[in-house]
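Let's take a walk through this one together, a strand at a time. Keep the viewer open and click along as you read.

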Amino acid sequence: MEKGFEIKDLITVGVFTALYFAVTFIVACLGFIPIFMAVMPLIGPIFAGIPLMLYFTKIKHFGMVLITSVIIAVLMFIMGHPYPIFIFCIGAGLITELVLRAGKYESIKHCIVGSVTFSLWLLGMVIAFFFGFREAYFASLADGYGQEYVEQMMSYTPAWMFYAMILMCLVGGGIGGLLGAKVLKKHFRKAGMV
Amino acid sequence: MIEFSNVNFEYRTTKADGTNDDIIGVKNINLRIRDGEFVVLTGGSGCGKTTLVRLINGLIPHFYTGKLTGEVMVEGMHVKDTPIYELSEHVGSVFQNPKTQFFNVNTTDEMAFAAENQRRDPEHIVKLIETTAGFLNVRKLLDRNIFELSGGEKQIVACAGIAVLSPSVVVLDEPSSNLDHDAITRLGKILKKWKDEGKTIVVAEHRLFYLKDLADRMLLFRNGEIEHEYDSREISTLTLDDTERLGIRPLSLLEVPCKQKEKDAFIDYLRLENFDFSYKDKKHSIHISDLSVPSDCVTAIIGHNGAGKSTLARNICGLEKHCRGTMEYHGRRMKYKDRLHSCYMIMQDVNHQLFTESVGDEVMLSMTDKTIDEDEKEKRAHAILRELDLDIFFETHPMALSGGQKQRTAIASGIASSKPILIFDEPTSGLDLYHMKQVASEILKLKELGKTVLIITHDYEFILQCCDYVLEIEDGQVRDSYPLDDHTIDKLRRFIMPKVKGEGNV
Amino acid sequence: MGLKFDPRTKLMLMITIGLIMMSGKLTGPEYILRLVCTAIPFILLLSIKSFKSAILYAILLSGTVFCEGFIVPYTNGVMNLIVMTICGVISRFGPGYLMGWYFVSSTSVSEFITAMKKMHFPDVVTIPMSVMFRYFPTLKEEYLSIHDAMKMREIGQGVKNPFQYVEYVLVPIMMSTVQIANDLSAASLTKGLGVNNGRTHICRISMKAYDWLLILAMVSMLVIFYAF
């Protein structure tokens, strides 16, 4: 990893991470309404993808997205999400770095793909939730209905829901990326800021 | 000592279509600034004074890229070859915008910042902050949330941060742009203290009146070159006509004449009744039981920081639901919802109110009358933009325009909205003489169109250019209101310059 | 009380509580540990005088216990699932989130950054983090101003088209973000900010006796947790 970081880069990381996080957080808060909670992995990246795309166009070398993912992981952690968040954030960050590097930091298409891969960090938020209530539910079920029934339920539920979440993140990230690209073209390119 | 030898600089920018554009920053600069000298750089917008400041603190060439020839030496260091980190130990910088130059949220942290970066001993820094706070009289500003401070207080904190580090050179780039007269007076006192300490000071400025007695030399820039040099004796003999001719703001405010003649009685009024509002944190509030302001002229709203001018403007505009009281205008009584339909505000930061991708769209966005069809909208938009010399920019993205052009776009949108009341919030911050006069003439055009214009401002020269009436606000109440003419100008002067020769604490 | 714990101690607390709450069973010594973990945020919140949050937390938790004990046995099917889920989520993740709330309320930005530096996080992470915290309030100010402008221009009102609303709000904010990144970089550079140049800090944080005591307590809890 080259560490050719200048202050301008670090400040760019800081402000865009703040913006990205703020948008994601606000959308997530709407997700407290139970109906929305399930589709949050889809809606979040759609909106957060827009500033994310602008951020990607400001990135010219390796490492900035990774720092963003580390910062998001730390933030999420101090907000109470358990440790799997680190794995998912850094993982998503690394994959996105590789995607951006493959595009030599000049290709919009790669940025859109980057938006897709970056949104995978949300799984870290969701997964703990998942394990959590699964345990609680089944633990109490075992008291009432017996171990066999529980095992049947356990084998049944997680798989498809988990895959559905992954799909939502990817699709949401893709839509967000496309929307972001559209906004960039409509406004930023026209204003000469890209 | 600061030395420029045959310095030329061109900014390299990339345009929207990808091609490069070289904009001249400065040309043929040969200059020597002695230790302890106080130099003022002035001239119209884009004249090169900011570029010169950046050449001293190292932002050129280490941050702003372009073509640099010649040699710049500061305190024995070659700026080209010295990293900014090292330069900053000797050169402190204060920037134009108080809102975007601070790194920390806490004022004490911000004051320590520059010294921390130079790896000074923490205990020493803490002691220095204490002494500086006493010296500059800023104890009340310690350990506060920067976001709660006014623009002037933020600028003072920035200066305090430099005082803690105490470099031998201080450069300032239009530091008074967003400040009211109280803050400017405080700034002037800090500059005097620094001058007395023997620091070398270079200030790029439009508003010169507070520097007149401090400057050892004044350099007038035009098109990137130093057109003329004035020493302190010559500065004191410059008259108002001279500065007008040179295109710079007056050196002495008392000389500025009042353009308004005595008026006949005003015909129509805008009346506020039982206007009461207060924010949740109870910090700012307004209580106006009865106020009448003439509706067929331009009114300046003046007041110190925190007096309630913005609160008042927002409430007149109808932006606050919880405002009690009514406004009577053109025979109608209006509550907040009606006022929203009658008022248009040109904000201090115009970027916050431009939403579309072309100037034309921006103007048409304001035409909320559903009975007009698209073609008619476009025709009217063209007409309005022609009046403001913006028609060539019809297809241009608003963000690609200059600050002044953006402001005119916002004005055009205001005219297009057909709302009769227009409110301006500090429209001349940071403007040089030419552009300030341009804004004044636009305002007068609006008056001719029959609009009621209210302007929040602390720009004395601007008020004298285009305002007919003055409304003074203090602590959320009306302290005074009067038509502006040769007789009442003293009242205005007394507000702007309470102590002609200020002595005492900052 | 109001003891000033070192941010690192608080982080240790959060890790411990998070681990125990996430996978703790409902019986045996683990259950007791879970109870302890559930009580800790409550006590800490009281210690920083966050009475409203502490009481809200207590109400929520008692509500879940009530539901689990009395309502659940009387419901079946979908209703059962929903109630169980909500109760499960609150009782399992509540303490963690409340610890997060406590952390954020009791730690200042400079304390947090200094702690990160002491934990050897590199400049490339701590500088952006400082900038981020400094930028959040600015974002709020910008949003409020843009919201005013939209109201005044009578656009974007009503939820007709959420994407249009988002465009109106996000585009000016994004443009301003680019501008601020520029201004802030220039200003910070002139104040001597550099990457890996070494900086001193006037903010002092240090591990005191009660910090170490608490950490010892946490470690023992974890040992018990994993041993049984």
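Start in chain B, where β7(B) and strand β8 (residues 200-204) run parallel and pair over five bridges. To find the register, look for B:Val169, which sits opposite B:Thr200 in β8(B). Getting from β7(B) to β8(B), the chain goes by way of helix α7 (residues 181-196) of chain B, and this β-α-β crossover is right-handed. Bear in mind as you go that this is a predicted model.

β7(B) has another partner too: strand β6 (residues 91-94) of chain B pairs with β7(B), again in the parallel sense, over four bridges. Here the pair to click on is B:Gly92 and its bridge partner in β7(B), B:Val170.

So how covered is strand β7 (residues 169-173) of chain B? Five of its five residues are buried. In a regular strand, side chains alternate between the two faces of the sheet. In β7(B), B:Val169, B:Val171 and B:Asp173 lie on one side, with B:Val170 and B:Leu172 on the other. Both faces are covered, and these residues are all buried.

Now move along chain B to another sheet. This one is open, has four strands in the order β12-β11-β14-β15 (chain B), and its pairing is antiparallel. Which strands stand at the edges? They are β12 (285-294) and β15 (332-334) of chain B; each has a single partner strand, so one side of each has no neighbour in the sheet. On average, neighbouring strands in this sheet are turned by 15 degrees against each other, ignoring direction. For a look at the pairing itself, take strand β11 (residues 269-278) of chain B, which pairs with β12(B) in the antiparallel sense over nine bridges. One spot to check is B:Asp276, whose bridge partner in β12(B) is B:His287.

Next stop: B:Leu433, in helix α15 (residues 433-448) of chain B. B:Leu433 has 18 C-beta neighbours inside 10 Å, so it counts as partly exposed, because buried would take 20 or more. Leaving aside residues up to four places away in sequence, B:Leu433 touches B:Gly247, B:Ile248 and B:Arg249. B:Glu244 is 189 residues away from B:Leu433 in sequence, yet their C-alpha atoms are 8.1 Å apart in space.

Finally, turn to where the chains meet. Six residues of chain B are in contact with seven residues of chain A. On the chain B side, that contact is made up of three nonpolar, one polar and two charged residues.

How values were computed
Residues are numbered from 1 along each chain as its sequence is written. Chains are lettered from A and ligands numbered from 1 in the order in which they are written. This is a predicted model: local features need pLDDT of at least 70, side-chain atom pairs count only at pLDDT 80 or more; totals for chains, interfaces and linings use all residues. A residue is buried if 20 or more other C-beta atoms lie within 10 Å of its own, exposed if 12 or fewer, and partly exposed in between; C-beta atoms are placed from the backbone. Helices (H or I, at least four residues) and strands (E, at least two) are DSSP runs, numbered from the N terminus. Two strands pair if DSSP finds at least two bridges between them. A crossover is right-handed if, with the strands pointing away from the viewer, the path from the first strand over the helix to the second runs clockwise. Two residues are in contact if their C-beta atoms, placed from the backbone, lie within 7 Å. Ala, Val, Leu, Ile, Met, Phe, Trp, Tyr, Cys and Pro count as nonpolar, Asp, Glu, Lys and Arg as charged, and the others, Gly among them, as polar. Axes are lines fitted to C-alpha atoms, for helices over the stretch in contact, and angles run from 0 to 180 degrees between N-to-C directions.
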